[in-house]
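Welcome! Let us take a friendly walk through a protein model, one stop at a time. Have the sequence and the 3D view ready, and follow along as we go.

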Amino acid sequence: MNQRATIRDVALAAKVSPSTVSRYFNDTGYVSIKTRRRIENAVTRTGYEPNLVARGLKSGRSRFIVLGVPDIGNPYYARIAKTAQPLCEERGYALVLVDFGEKQPRKAEPFALAKRICAAGILLASVDPCSHIDSSGIPMVGMCAYEEPGASDVVTVHESGGINLAVSHLAALGHRDIFYVGGLRDSGVARGRRESFLRQMALEGLPVSENAIIETGF
């Protein structure tokens with residue numbers, strides 16, 4: 001097709017109403033599996049591509065997901081972005097990356113951008129909890145740093161459990177002079193790990209030498 005295909009073109013090709021196609025794309029109502037397949041085939045035949053910006057202006061909520069990371073040069077955060085992007089695309093969303101660093105006030109950048117583009121959600125990878133930053137009702141999932149219950153949904157590892165296992169394992173092997181090497185000293189992640197290390201060392205009856213805690217950055 002020479003001109004950009006519209007929802008009406010898709011509806012005509014699929015032999016359904018435009019409102020049915022709209023429900024399919026926006027997940028705002030029931031669409032049978034048989035009808036979904038017809039719409040998907042029609043999308044392929046017509047070459048229709050949803051305009052995410054226009055849909056956001058009309059509904060007040062776009063199909064953009066904002067991913068905020070403190071350092072995209074860090075392979076850990078790069079892997080998160082690489083994994084999240086195809087998952088978003090499979091569900092009809094576009095991933096928008098924001099590298100905000102770990103310095104105030106730049107931590108608010110993902111939230112500010114999400115508001116400007118009417119984002120559908122925010123994924124925040126941070127070494128510090130960010131529940132104090134207003135997301136204006138945009139659903140948020142935090143990663144890495146633990147948030148207080150109820151502040152937001154969080155996907156993270158059990159920091160203290162991992163440290164406890166590591167210290168206990170080394171102690172069981174007979175090691176007595178154990179060092180802790182952490183990240184940014186003032187970050188929530190490093191603080192939680194350090195405190196867990198000190199607690200577990202005390203439980204094992206092991207002394208912590210003056211130079212046993214080293215925190216120089218991640």
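Leaving aside its neighbours within four places in sequence, which residues is isoleucine 138 in contact with? Before answering, please keep in mind that this is a predicted model. To find the residue, look in the loop between E3 and E4. Once sequence neighbours within four places are set aside, the contacts of isoleucine 138 are Arg61, Ala114, Lys115, Ala119, Ala120, Gly121 and Ile122. One of these partners, arginine 61, is 77 residues away in sequence, yet the C-alpha atoms of isoleucine 138 and arginine 61 are 9.1 Å apart in space. Is isoleucine 138 buried or exposed? Its relative accessible area is 8%, so isoleucine 138 is buried, since the cut-off for that word is under 20%.

From this loop, step onto the sheet. Five strands make up an open sheet in the order E2-E1-E3-E4-E5, and their pairing is parallel. At the edges stand E2 and strand E5 (153–155); each has a single partner strand, so one side of each is left without a neighbour in the sheet. From one strand to the next, the twist averages 20°. As general background, strands of a sheet pair through backbone hydrogen bonds, either parallel or antiparallel.

Now look at strand E3, which covers residues 121–126. On one side, E3 pairs with strand E1 (residues 64–69) in the parallel sense, over four bridges. Here valine 66 has isoleucine 122 of E3 as its bridge partner. You have met isoleucine 122 already, among the contacts of isoleucine 138. E3 is also joined to strand E4 (residues 140–144), by five bridges, and these two strands run parallel. In that pairing, serine 126 is matched with cysteine 144 of E4. Why is E3 described as largely enclosed by the rest of the structure? Five of its six residues are buried, and therefore the description fits.

For a contrast, move out to the edge strand E2, residues 94–99, where valine 96 lies. Valine 96 has a relative accessible area of 22%, which means that it is partly exposed. Setting aside neighbours within four places in sequence, valine 96 is in contact with Phe64, Ile65, Val66, Leu67, Leu113 and Ile117. Val66 is the residue whose bridge partner in E3 is isoleucine 122. Proline 110 is 14 residues from valine 96 in sequence, and their C-alpha atoms are 9.3 Å apart.

Let us turn to the helices. Helix H2 (residues 18–26) and helix H3 (residues 33–46) have axes that come within 11 Å and cross at roughly 90°. H2 is therefore roughly perpendicular to H3. Which residues meet there? From H2 come Thr20, Val21, Tyr24 and Phe25, while H3 brings Thr35, Arg36, Ile39, Glu40 and Val43. Sorted by character, the residues of this contact are five nonpolar, two polar and two charged.

Our last stop is serine 196, in helix H8 (residues 188–203). With 2% relative accessibility, serine 196 counts as buried. Its side chain and that of arginine 199 are joined by a polar contact of 3.2 Å. Apart from neighbours within four places in sequence, serine 196 is in contact with Ser160, Ile163 and Asn164.

Key
Residues are numbered from 1 along each chain as its sequence is written. This is a predicted model: local features need pLDDT of at least 70, side-chain atom pairs count only at pLDDT 80 or more; totals for chains, interfaces and linings use all residues. Side-chain values use heavy atoms; hydrogens and water are left out. Buried means under 20% relative accessible area, exposed over 50%, partly exposed in between (1.4 Å probe, protein chains only). Two strands pair if DSSP finds at least two bridges between them. A polar contact is a pair of N or O atoms within 3.5 Å; within protein, one must be able to donate a hydrogen and the other to accept it, and residues adjacent in sequence count only if both atoms are side-chain atoms. Contact means heavy atoms within 4.5 Å. Axes are lines fitted to C-alpha atoms, for helices over the stretch in contact, and angles run from 0 to 180 degrees between N-to-C directions. Angles under 35 degrees count as roughly parallel, over 145 as roughly antiparallel, 65 to 115 as roughly perpendicular and the rest as oblique. Ala, Val, Leu, Ile, Met, Phe, Trp, Tyr, Cys and Pro count as nonpolar, Asp, Glu, Lys and Arg as charged, and the others, Gly among them, as polar.
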